[in-house]
Amino acid sequence: MAVRIMVDDLGLCQAEDAEAVLSPEVAALHAVRERIRHRLRAPEPTPLVLRMSSAIFRRFADLEGQPGLVVQRLSPRRALRERLGCPLPPWLGDELIALLGAFPEDRRAAGAETDPTDRVLMLINLAQAQAPDTASILGALSQQAPEMNALLAVPQVRQRLQERFESTGIAAATELLALFVDGPPTPREAYRVLALAVVRERLDELIARDGLSAESALPPRLCSRNLVRQLPRLPVAESDAAPYPDLVRRLLLQAERRTHDGLPVQSLADYVVADWPGLCECLQALFEQNPGIASAPLVLALSDPLINHTGVLARDLAVRMQEYLAHAHCDPLPRDASVNEVMRWSERYFRYAIGTFERHAEPDAAVGVSFARWVTEEQTRIIQSEHDWRVVARTVEQELAGGNLVILCVIDALGAIHTDLVELELRQRLADQAAPVIKTLFAPLPTITEVGKIGVLTGWDRASSTADYERALRERFADQLAAPESLQIVKSWKDFHEALRPGTRLLVCLDNRVDDDLHQCTEFRLHRERVRTVAAQLAGLIVDWQLDAARFGLKATIMITADHGATKVSHSRQPLPGTTPVERRLLQVAAAPESVPAGFAYVGADTAGGGWLIPHERVAFGSTATLLHGGLTPEEVLIPFILITRDGAGSAVALRLSAAESRCHAATKGWHATLCLENSTNDSFFNLKVVARPPFAGEGQLIARLGSYETLPEIILKLTSTVEQQGKTQVPFELRYQTGSQASYEHLSFHLDLDLGVHLIEHTAAAREFDNFFDL
């Protein structure tokens with residue numbers, strides 16, 4: 001077969017391989033005839049397929065019967081009957097048959113339906129209409145071509161659609177079908193009319209409920225409110241919904257402002273009428289300014305599949321809000337918490353506190369008091385831990401002794417609550433270098449600059465502190481800073497980039513921009529933006545410092561820390577008699593009180609007596625207009641310590657050993673301890689081993705290699721002791737490791753708070769001896 005001609009009068013039967021569909025309007029029939037003759041003379045592997053009506057075929061009738069030409073006369077009724085799988089209904093005339101021919105050949109009405117009308121509905125892609133779902137039926141109707149109204153207007157088809165709408169609860173199905181079948185708009189436009197009518201009805205209800213004002217007139221109604229109130233939400237693209245997207249955003253902004261005056265934040269969920277990008281961006285901006293707008297109903301609204309069909313923004317925003325809600329609460333700190341437990345607790349607290357401050361509120365009073373009491377009662381534990389502020393000076397000394405150039409940046413008032421911002425900027429800018437090693441430290445008490453800054457720089461207690469930074473640093477690091485040019489102190493951030501000189505061994509940069517901002521800033525969110533700016537500029541300086549150090553042939557170790565943090569306080573109180581307010585957060589006294597007033601902690605100032613009374617509660621002694629510091633809240637006491645080196649290896653904070661389980665169950669002549677080892681750098685360590693130090697003994701298995709950012713969650717070792725131990729005890733450990741397979745061993749010390757279980761057998765024997773004492 002070289003040529004196949006399909007004769008189809010009504011255009012019902014399509015052929016996907018047809019090269020041409022000829023109609024009376026085709027002028028070049030002569031060219032088609034020549035093409036047919038050419039193909040008959042020189043056949044090709046693929047036949048030439050043409051489709052035409054019988055009227056046109058009469059122009060080519062003289063060719064019929066020639067070898068290689070096949071004429072296929074198609075019967076539209078027979079073809080449609082085969083596709084429906086049942087006899088044609090009597091109301092299906094030739095015009096409707098031709099109309100149904102516009103649907104693909106492979107679409108057949110197979111299924112359980114036997115009624116011809118139902119099969120016709122399935123054929124025209126209204127199979128979803130059989131499900132009791134109004135939105136699905138309307139969505140399928142909106143996809144119909146305008147010429148399909150002739151089929152939908154057939155009484156039998158119209159009646160069947162009306163029955164299905166009524167089965168879904170649409171009592172006004174007659175009006176609804178009239179809009180699609182009899183009205184002037186196309187099916188797609190009719191669907192848009194209904195979808196926007198639902199939006200308008202929702203907005204009318206919200207305006208009345210929340211007392212809002214529509215700033216512009218709404219378009220006129222095109223269908224009855226009776227019908228609209230029976231309809232579900234109907235998805236509609238933002239580009240097709242004008243002017244409603246802009247109106248919804250304006251009403252949402254009004255409603256958000258009303259939440260500050262008592263309108264429940266849960267009410268904002270009702271304004272999510274669609275997953276329009278503009279609406280989601282508006283909600284995202286409001287959430288960033290005030291995370292307190294998040295609520296479970298709003299998360300559900302953004303995730304609603306009836307609204308959210310393709311909205312990536314809506315889904316992402318729902319996830320962010322859900323994460324925020326998960327951290328919208330923080331339990332008070334237990335009185336018996338270990339230092340490591342406090343560190344883990346602080347991460348939850350900071351997420352909770354940031355959200356609280358940004359919605360212009362304050363953390364629960366009991367949470368702050370629990371931390372204030374713990375931090376004043378557990379100073380001995382803190383000093384013995386790796387989270388004490390003295391770690392900074394010890395690390396400086398260690399790095400100087402190793403021959404490294406040390407750059408120490410002390411950012412006044414940079415609390416650990418902002419570590420996330422600093423870390424983000426550093427990781428983005430230092431992506432091609434070792435990741436910063438970050439930990440949290442307890443700041444010197446009280447949290448005021450004149451105490452904290454010199455303490456962090458030198459590691460000295462207040463009794464031996466001095467206000468002369470250069471003198472103090474040279475005394476503290478006398479062995480490493482003997483040369484006059486070895487120490488540089490820069491107190492203006494504008495001079496940081498010009499500070500490094502060839503002979504410098506220790507560069508101290510004192511940045512006061514964050515602290516200066518406290519005295520002007522009234523909103524915590526704006527203060528966070530200031531911190532982000534400082535962190536971004538500092539990240540750029542670090543890159544320059546490392547390049548300068550490399551030019552001088554030195555290896556630079558860069559440290560970032562602070563002297564204290566800051567907080568927001570809204571409650572004011574009168575100072576106690578005989579005291580002087582300092583920084584509006586604590587009271588200075590000339591001598592140590594005989595008894596510390598209730599609700600206060602006393603911190604001595606020096607050996608001559610005197611000191612400070614610091615309130616446990618979040619109160620100020622004076623104005624509360626700006627951010628303050630000097631108290632005992634976590635955001636004031638906890639400060640960041642960030643270490644950046646070229647390779648990140650060998651630092652005192654690169655490896656972290658903690659208790660995977662604080663409870664150690666008793667074993668024969670000892671206990672089983674389960675520890676966790678973390679590597680917070682992108683370098684590897686080799687031949688690691690954990691060893692218990694006296695009065696304990698015991699060692700874990702040899703760890704051949706610990707990869708970058710790898711964590712070993714369970715290192716099990718058996719502890720023994722020559723001295724009787726029981727209950728909560730601080731157990732010293734040593735971690736031995738190599739930074740390379742040929743490098744010498746290095747050591748880190750850790751003190752972990754473990755709960756050593758009672759040995760029941762020994763206890764039973766002792767009890768038996770005690771009982772035998774009374775035997776006669």
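**Exercise 1. Which side chains meet in a salt bridge with 2.7 Å from N to O, one of them being arginine 618?**

Before solving, note the ground rules. This is a predicted model, where local features need pLDDT of at least 70, side-chain atom pairs count only at pLDDT 80 or more, and totals for chains, interfaces and linings use all residues. Residues are numbered from 1 along each chain as its sequence is written, and side-chain values use heavy atoms, with hydrogens and water left out.

Solution.
- Step 1. Apply the criterion: a side-chain nitrogen of Lys or Arg within 4 Å of a carboxyl oxygen of Asp or Glu.
- Step 2. Arginine 618 pairs with glutamate 635, at 2.7 Å from N to O.
- Step 3. Place the partners. Arginine 618 lies in the loop between strand S14 (611-615) and strand S15 (619-620), and glutamate 635 lies in helix H25, so the pair ties together parts 17 residues apart in sequence. Helices (H or I, at least four residues) and strands (E, at least two) are DSSP runs, numbered from the N terminus.
- Step 4. Check burial. Both arginine 618 and glutamate 635 are buried. Buried means under 20% relative accessible area, exposed over 50%, and partly exposed in between (1.4 Å probe, protein chains only).

**Exercise 2. Compare the salt bridges of arginine 585 and arginine 525.**

Solution.
- Step 1. Arginine 585 pairs with glutamate 636; their closest N and O atoms are 2.7 Å apart.
- Step 2. Arginine 585 sits in the loop between strand S11 (580-582) and strand S12 (586-589), and glutamate 636 in helix H25 (residues 634-637), so this pair links parts 51 residues apart in sequence.
- Step 3. Arginine 585 is buried at 0% relative accessibility. Glutamate 636 is buried too, also at 0%.
- Step 4. Arginine 525 pairs with glutamate 523, with closest N and O atoms 3.6 Å apart. Arginine 525 is partly exposed at 24%, and glutamate 523 is partly exposed at 26%.
- Step 5. For the whole structure, a search finds 37 salt bridges.

**Exercise 3. Lay out the six-stranded sheet and find its edges.**

Solution.
- Step 1. The sheet is open, with order S6-S16-S9-S5-S8-S7 and mixed pairing. Two strands pair if DSSP finds at least two bridges between them.
- Step 2. Strand S6 (437-442) and strand S7 (487-490) are the edges: each has a single partner strand, so one side of each lacks a neighbour in the sheet.
- Step 3. Neighbouring strands are turned by 15° against each other on average, direction ignored.
- Step 4. S7 and strand S8 (residues 506-511) run parallel, joined by four bridges. Leucine 487 has leucine 506 as its bridge partner in S8.
- Step 5. Helix H16 (residues 339-358) packs on the sheet, touching S6 and strand S16 (638-644), and its direction makes about 105° with that of S6. Contact means heavy atoms within 4.5 Å. Axes are lines fitted to C-alpha atoms, for helices over the stretch in contact, and angles run from 0 to 180 degrees between N-to-C directions.

**Exercise 4. Describe the largest nonpolar core.**

Solution.
- Step 1. A nonpolar core is a set of buried Ala, Val, Leu, Ile, Met, Phe, Trp, Tyr and Cys residues joined through side-chain atoms within 4.5 Å.
- Step 2. The largest has 102 residues, and Phe442 and Trp545 have the most contacts inside it.
- Step 3. Helix H24 (residues 524-551) gives the most to this core, with 11 residues.
- Step 4. Beyond four places in sequence, tryptophan 545 touches residues including Ile407, Phe496, Leu507 and Ile558.
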